[in-house]
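Reader: Could you walk me through how to read surface patches and cysteine links in a model like this?
Author: Gladly; let's look together.

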Amino acid sequence: SGATAATYTTTTAGSYYVIVSNSCGQVISSEAVVTVNTNTAITSQPAAATVCVGSSASFSVTAVGTNLTYQWFFGSTAISGATSSVYTINNTATSNAGNYSVVVTGTCGTVTSSTVALTVNQPVSITAQPVSVAVCSGSVATLSVTATGTAVTYQWYNAAGTAISGATAATYTTTTAGSYYVIVSNSCGQVISSEAVVTVNTNTAI
């Protein structure tokens, strides 16, 4: 209704034609197709990730639009070959830690995702084992361990495998003879130290 001019405007997809007529007759035009493309939009943003060195990390984005293309960025640098909705890093290293984002481009616009962080944690490694020590009765023996890793925690145990209450530091002091070891752990796993023996010698007395 009302479409009686040489031009016709619409926002509705479909096929259209026009009949042009006068007192001498009429002519029917060929059909013209109106295609309405979807605006580019991100419906699900990438999520931050925390992984351990050597494992894989993955980011994904969900978008709507027509003829979509993707380009992932590490900081401000475009990542070569990272041109799908999912970006995966295999065998992560500490150098992969940082900020990631993706630019989604379609027929009807370009949208940049939120920026998310990849945290790469170092696994636990013991670099210096506890060393056996001998002390005289009444003296304090100190055992210690040196470890590397991200956010490590410590728990000392006696030879029976019982966790020692409060012994959660890199060093442990005791006046009791016995064998001791420590479990060093973080989000990437745990490592059990070798056992160290505390010997309590009897004080000389007549």
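Reader: Which residues form a nonpolar patch on the surface?
Author: Patches are made of residues with over 30% relative accessible area and no salt bridge (a side-chain nitrogen of Lys or Arg within 4 Å of a carboxyl oxygen of Asp or Glu); nonpolar side chains (Val, Leu, Ile, Met, Phe, Trp, Tyr) are joined within 5 Å, like charges within 9 Å. Here Y17, I19 and I28 make up such a patch, and together they have about 330 Å² of accessible area (Shrake-Rupley method, 1.4 Å probe, only the protein chains shown counting as cover). This is a predicted model, where local features need pLDDT of at least 70 and side-chain atom pairs pLDDT 80 or more, while totals for chains, interfaces and linings use all residues. Residues are numbered from 1 along each chain as its sequence is written, and side-chain values use heavy atoms, without hydrogens and water.

Reader: Is I28 buried or exposed?
Author: Buried means under 20% relative accessible area, exposed over 50%, and partly exposed in between (1.4 Å probe, protein chains only). I28 has 54% relative accessibility, so I28 is exposed. I28 belongs to strand β3 (residues 25-28); strands are DSSP runs of E, at least two residues, numbered from the N terminus.

Reader: How many disulfides does the count come to?
Author: A disulfide is a pair of cysteine sulfur atoms within 2.5 Å, and the count is one. C52 is joined to C188, S to S 2.0 Å, and the link is left-handed, with -105° about the S-S bond.

Reader: Which parts does the pair tie together?
Author: C52 lies in strand β6 (residues 49-52) and C188 in the loop between β21 (178-186) and β22 (189-192), so the pair ties together parts 136 residues apart in sequence. C52 is buried at 18% relative accessibility, whereas C188 is partly exposed at 25%.

Note on methods. Helix = DSSP H or I, 4+ residues; strand = E, 2+ residues; numbered from the N terminus.
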